[in-house]
Structures are given as structure tokens and as C-alpha cells.
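Biologist: Hello! I am new to this structure and would love a close look at a single strand and its surroundings. Could you take me through that part slowly, and then show me how the rest of the chain looks around it?

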Amino acid sequence: MATYASSSSSIAVLKELYVDNSDFMKDLVYAKNPLFALIPKNESTDGLAGKYIPVPIQYADPMGRSHTFANAQGNQTPNQYQSFFVYVVQDYQLVTITNLLIEQTKTNAGAFVDEMKRQMDGGIKNLSNNMAFELFGSGTATRGVIGSAISNPSPGVYQFTLQNPQNVVNFEVNMTIQASLTDGGAPINANTDLGLVSSVNRATGVIQFTVVSGAPNANWANGNYLTVQGDIPAAGGSGSGPLGSVGSYLAASGLSAWMPATSPSPTDSFWGVNRSVDPTRLGGLRFDASAYSIEEGIVSALGFANREGADPDTIVLSFQSYTALENALGAKVQYVDIKHEEADIAFEGIRFHSAYGYLTVFADRSMIPQTAFCLSMDTWKLRSLGKAPHILTYGLEGLEGLRVGNSDALEVRVGAYYNYTCNAPGWNLRVALSA
């Protein structure tokens with residue numbers, strides 16, 4: 001039987017072709033975070049210095065008016081104020097690389113990329129992506145909810161489908177995840193039942209994982225809430241913070257913390273404030289437009305916001321909702337270019353009209369599905385101690401990397417000390433959408 005020469009039989013004499021092209025290796029990880037880029041920032045060294053940052057709000061004018069003088073005099077009350085005392089949260093990303101690899105990838109002759117730079121860029125982007133994700137969150141750091149029973153498609157591999165497949169953007173391969181029975185509740189068998197994400201199907205919302213420790217395959221179930229290990233205290237978020245229950249206190253207080261989906265209850269405590277005294281002015285406006293078409297719903301919601309004195313200038317949607325609005329507007333759609341004076345960002349949005357003028361609508365992948373946030377952008381701020389994120393040097397400039405004591409490697413620590421604040425929640429609106 002004849003045997004022909006083939007590439008496999010002659011593999012030893014074939015050369016490897018190296019392409020001198022910086023675009024040869026593409027980075028497919030999410031990079032665009034428009035709302036995170038656009039939100040006003042104070043990244044000075046004292047942006048969140050001290051014990052906490054006070055956020056004072058006047059939510060009522062003085063009473064004492066009547067057509068009868070005696071009643072006006074007898075019913076006087078002063079201005080009503082509250083002050084949120086917002087604490088800093090800490091977020092870390094570590095990157096460790098062996099010195100041998102650093103030396104091997106310094107030049108184009110040795111590698112397609114400078115691996116040290118690529119690892120650092122990836123680490124900073126990963127932390128930035130988490131900050132962008134938490135900008136929309138409630139402080140619980142929940143990334144998604146299990147929407148199916150845990151199955152076992154192959155030996156040692158388990159999987160589930162997310163309750164809302166759109167939340168798949170919050171998951172990455174090699175994340176170590178844990179589950180809780182409730183949003184912000186204590187992790188199930190904290191630090192014991194852990195899974196390592198091994199596969200993410202971004203079309204179907206199916207997450208596969210392997211067991212790190214414990215028995216998450218047996219103890220996790222449909223309806224459990226998923227977080228990254230270490231993003232919520234072992235005892236859960238309730239009551240764990242310095243000023244009462246406000247989510248995990250490890251994650252940032254994003255839009256859903258300042259503007260919860262339901263009105264604050266009589267037992268509410270958010271950064272030391274019971275917002276049930278005036279749930280809209282202290283806890284944001286809410287409008288249920290789920291029974292309307294998406295265009296009619298947003299118009300009606302904006303009318304409600306304008307009635308309450310709010311004059312939002314920006315609407316953020318998920319990509320699915322943005323596409324639904326775009327299709328609903330049809331020939332009426334008007335596009336606008338969005339640019340930021342300081343951030344290197346430019347993208348296209350939709351121009352939308354309200355009683356108080358035009359708003360800009362854009363999509364963000366971290367946005368909560370079937371929800372719209374209608375924001376007065378000048379009421380929001382990211383406050384941080386220095387740039388967020390930045391390489392931690394511990395006050396010693398030039399000490400960007402630390403030699404690992406027991407290994408021929410370099411460790412670089414990236415961190416962010418920050419939180420989000422809003423000085424007028426009542427000028428911002430949360431809308432439940434039909435699409």
C-alpha cells in the first residue's frame with residue numbers, strides 16, 4: 001500500500017511563519033462601556049477621602065402658608081434635609097507573570113505581542129468592566145440568576161441556563177462563582193460551594209462550570225443568585241455595612257441602589273437614610289410601562305418625570321430594548337453622535353423628545369434588560385481616591401510591580417477605591433419596559 005508524503009509526515013521540516021502585524025491577535029473581550037465613560041468623575045486624591053462622603057439633599061420646602069395668618073404662623077416647618085453618608089468600596093485585580101515570559105516576549109522577534117503589556121491591559125480592562133457592571137447594580141454584585149436545574153452534560157462538567165440570557169454578558173470563562181438563595185443573601189455554604197466557569201454560550205445563556213470545592217452541582221438550584229467569590233460577605237449583605245443594610249457593602253452602589261425597582265419600605269436604610277419618607281425624591285422615580293409599546297411607554301414615563309420636576313437628558317437601554325425602540329420609531333428615528341470631552345469615546349445614539357426638550361438614548365451591554373434609566377447626568381458622580389482603576393504603588397512611585405518571594409515572577413496589583421453618588425435621586429427615573 002502506497003504512503004504519500006503529507007504535511008503530518010513532514011512536520012519536522014516545515015517552518016513556522018511569523019507575521020509582523022500588531023493586529024494579528026485580536027482581543028475579543030468586551031471593551032465598550034459608554035455610561036461608565038460618560039458619568040461625571042472626581043478622581044482626585046481627595047475624591048473620596050476621609051471616613052465617608054456626605055451627600056446632602058433637600059427634599060421638602062418650609063411649610064407655613066395659608067390664606068389665614070394664624071394658620072400660616074401656627075403650621076410652620078423648616079426645610080427638610082437628609083444626608084447620605086457614602087463609604088468607599090475596594091476592588092482589586094492581580095496580574096502575575098513569570099520573568100522568563102517577560103524576557104521572551106519583549107521583542108517582535110520573540111512573540112506576536114508584548115505579553116506583559118497585554119496581561120496588564122487585560123487586567124485593567126477586567127476591573128474596569130466590573131466597575132461598569134456595578135454602575136447598574138444595587139450593591140449585591142449579583143451577575144445573574146440560575147434559570148434551570150443543574151445538569152451534567154459530560155463527566156465533571158455541569159451547566160445551567162440563566163433566567164435571563166441577556167445577563168450572559170456578566171460572565172467570563174475562569175470566573176469563580178458562588179450562589180445565594182436571595183439577592184444579596186449569604187452564599188450557600190460560603191467559600192465551600194464554588195464553581196469555575198469553563199464555558200459561556202453567549203447565544204443561549206448557558207453557563208458550564210467545574211467544581212472548585214464543595215458540591216455546587218448538588219446544592220445550587222433554579223432561582224439562585226450568582227456572584228463572583230469575594231464580592232459579597234460570607235454572612236450576606238443584610239446589616240453587614242456600617243450604616244445598616246445597603247446591599248453587600250463590598251460592591252458599589254449603582255443606579256439600582258439609588259433607584260430601586262420598588263419603592264423603599266418603611267424599614268429602609270440606605271447609607272443611613274430611610275427613604276420611605278419621600279420614596280421618589282430620596283429614592284428615584286419609578287414608572288411601570290410594561291403594558292405600553294416601548295415608544296409609548298418611554299413617552300408616558302418622561303411625562304411623569306417632567307411633572308415631578310425632573311428633566312433627564314440621557315436614556316440608557318439594553319441592546320434588545322434599544323433595537324426595539326429603533327424599530328418602533330421607524331422612519332421617525334433621528335440619530336445623534338455622542339462624544340465625551342475628556343474620555344476617548346464616540347458612538348451613535350437616538351434623539352428622543354420630551355416635554356422639556358431632547359434626550360439622547362444609547363445602549364449599554366451592562367444595562368438591566370427590559371428597563372430604562374432616564375438620567376440627569378449632572379446629578380451623578382463616580383468618586384474615587386485617585387484614578388479608578390490604577391496600579392497600586394503603596395506611596396512608592398516606581399514600584400509598579402512586586403517580585404514574588406518564592407517564584408521567578410512579577411506581581412502587579414491594580415485597584416480602585418471608589419463609589420457612585422447621586423445628589424438628586426428624584427430627578428432620575430427608572431422605567432419597566434415591555435421589550
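Modeller: Happy to; I will start with the whole chain, move to the strand, and then visit a few other places.

What you see is a predicted model, in which local features need a pLDDT of at least 70 and side-chain atom pairs count only at pLDDT 80 or more, while totals for chains, interfaces and linings use all residues. Residues are numbered from 1 along each chain as its sequence is written, and side-chain values use heavy atoms, with hydrogens and water left out.

The protein chain holds nine helices and 22 strands (DSSP runs numbered from the N terminus, helices being H or I with at least four residues and strands E with at least two). Of its 435 residues, 44% are buried (buried is under 20% relative accessible area, exposed over 50%, partly exposed in between, with a 1.4 Å probe and protein chains only). Look next at contacts (heavy atoms within 4.5 Å): among those between residues at least 6 apart in sequence, 71% join residues at least 24 apart.

Now to your strand, E21, which spans residues 409-422. Two of its residues make good stopping points. Ala416 is found in E21 and is buried, at 0% relative accessible area. What does Ala416 touch, not counting residues up to four places away in sequence? The list is Val89, Gln90, Asp91, Leu127, Met131, Ala388 and Pro389. One of these partners, Leu127, lies 289 residues from Ala416 in sequence, yet their C-alpha atoms are 8.2 Å apart in space.

Two other partners of Ala416, Ala388 and Pro389, are joined by a cis peptide bond, with omega near 0°. Most peptide bonds are trans. Pro389 itself belongs to the loop between strand E18 (380-384) and E19.

Thr421 is another residue of E21, and it counts as buried with a relative accessible area of 6%. Setting aside neighbours within four places in sequence, its contacts are Ile53, Val55, Val86, Trp258, Thr379, Trp380, Lys381 and Arg383.

From E21 you can step to Thr393, whose C-alpha is 8.2 Å from that of Arg413, with their positions 20 residues apart in sequence. Thr393 sits in the loop between strand E19 (390-391) and strand E20 (402-403). Is Thr393 buried or exposed? Thr393 is buried, at 12% relative accessibility, and beyond four places in sequence it touches Leu399 and Glu400.

Away from the strand, a pair of helices is worth a visit. The axes of helix H8 (residues 294-307) and helix H9 (residues 319-329) come within 8 Å and cross at roughly 100° (lines fitted to C-alpha atoms, for helices over the stretch in contact, with angles from 0 to 180 degrees between N-to-C directions). H8 and H9 are therefore roughly perpendicular to each other (65 to 115 degrees; under 35 is roughly parallel, over 145 roughly antiparallel, the rest oblique). On the H8 side, the contact uses Ile294, Glu295 and Ile298, and on the H9 side Ser321, Ala324, Leu325, Ala328 and Leu329.

Two loops hold unusual backbone angles. Most residues other than glycine have a negative phi. Trp271 has a positive phi near 50°; it lies in the loop between helix H6 (255-258) and helix H7 (279-283) and is buried, at 1% relative accessible area. Gln370 also has a positive phi, of about 50°. Its loop runs between strand E16 (357-363) and strand E17 (371-375), and Gln370 is partly exposed at 38%.

Asn201, in strand E9 (residues 194-201), is partly exposed too, at 33% relative accessible area. Beyond four places in sequence, Asn201 is in contact with Val168 and Val206.

Finally, how confident is the predictor? The average pLDDT of the chain is 85, and 87% of the residues score at least 70 (pLDDT is the predictor's confidence in each residue, from 0 to 100). Over residues 3-7 the pLDDT is below 50, and this stretch has two contacts beyond near neighbours in sequence. Residues 239-248 also stay under 50, though the model gives them 36 contacts beyond four places in sequence.
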